[in-house]
Amino acid sequence: MWHSPVVSAPTILLAEDDPAIRRAVEQSLLLEGYHVVATGDGLEAIAAVRRDNPDLLVLDVMMPGLDGLTVCRVLRAQGDWTPILVLTARTQVSDRVAGLDAGADDYLVKPFEPEELLARLRALLRRAGPSTGPDSPAGDELAAAGVRLDLAARRVWRGGEEIILSRTEFDLLELLIRNCGVVLDRTTIHDRIWGYDFGTGSKNLSVFIGYLRRKLARPGAPEIIHTVRGVGYTLRES
């Protein structure tokens, strides 16, 4: 008798030092069918990554021992590119950029609705999986406006210099290059990158665009990511 293959549920590592928030988030994840490894300490989070090999990490920024941003930096320095969503109570753009700089793929500001957290996690897990569907790469490389992407290795160069990008930054740049010269509205970008429209008041996309621009900037080189006011963004030379 033929049996369909058993697909194991993704494992989420949740590191949150507030017991009430940790229990609430853990319960939401369990109800969605995820395996959950929960801890309230940054040092234990790193140990759990090595021990349990999770598919995705949810890290609170403010934790004892090691904070969430330090955990991000340690894992990225070790070459671990497991998707990371950081939780932060800080609302300043500079604080959010610090999370991206540390290597996080996305962030969520407290307080948040469980539905939004789950939507963000689903989007990160989809992007971490095999590339399928109409947007699957037809070749190994993409190039536009002096930027070259190696899709298989997820590496990026501009002017011969390699640029290190997070998973979200790479996906955003890939989307822009695939649509070079086309103005993509914010709703489309939200849907294609995160699988979720964060609404007109969200700064999520603008923060990632700003950080991607800074990483791509080179002395004397033209700006290639342009804002079309009231619409969205496009990639083109000058």
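Which residues touch the most other members of the largest nonpolar core? In this predicted model, that core holds 52 residues, and the ones with the most fellow members in touch are Leu59, Leu149, Leu172, Leu173, Ile189 and Leu235. Helix α8, running over residues 204–216, chips in the most, with seven residues. Domain 1 (11–128) and domain 2 (141–235) both supply residues to this core, so it sits between the two. There is also a second, separate core, made up of 17 residues, with Leu56, Leu87, Leu121 and Leu125 among them.

Two of the residues named for the 52-residue core, Ile189 and Leu235, lead on to other parts of the fold. Ile189 belongs to helix α7 (residues 186–194), where the buried residues are Ile189, His190, Ile193 and Trp194. These four are on the same side of α7, because they cover an arc of only 100° around the axis. At the start of this helix, aspartate 185 has a side-chain oxygen within 3.1 Å of the backbone nitrogen of threonine 187. After α7 comes glycine 195, with a positive phi near 70°.

As for leucine 235, if neighbours within four places in sequence are set aside, its contacts are Ala144, Ala145, Leu173, Leu176, Ile177, Cys180, Gly181, Ile224 and Ile225. Strand β12 (residues 232–235) pairs with strand β11 (residues 225–228) in the antiparallel sense, over four bridges. Valine 228 faces glycine 232 of β12. Three residues lie between the strands of this hairpin, and glycine 230 there has a positive phi near 80°.

Notes. Residues are numbered from 1 along each chain as its sequence is written. Side-chain values use heavy atoms; hydrogens and water are left out. Buried means under 20% relative accessible area, exposed over 50%, partly exposed in between (1.4 Å probe, protein chains only). Helices (H or I, at least four residues) and strands (E, at least two) are DSSP runs, numbered from the N terminus. The arc is that of the directions from the helix axis to the C-beta atoms. A polar contact is a pair of N or O atoms within 3.5 Å; within protein, one must be able to donate a hydrogen and the other to accept it, and residues adjacent in sequence count only if both atoms are side-chain atoms. Two strands pair if DSSP finds at least two bridges between them. A nonpolar core is a set of buried Ala, Val, Leu, Ile, Met, Phe, Trp, Tyr and Cys residues joined through side-chain atoms within 4.5 Å. Domain bounds come from an automatic or database domain assignment. Contact means heavy atoms within 4.5 Å.
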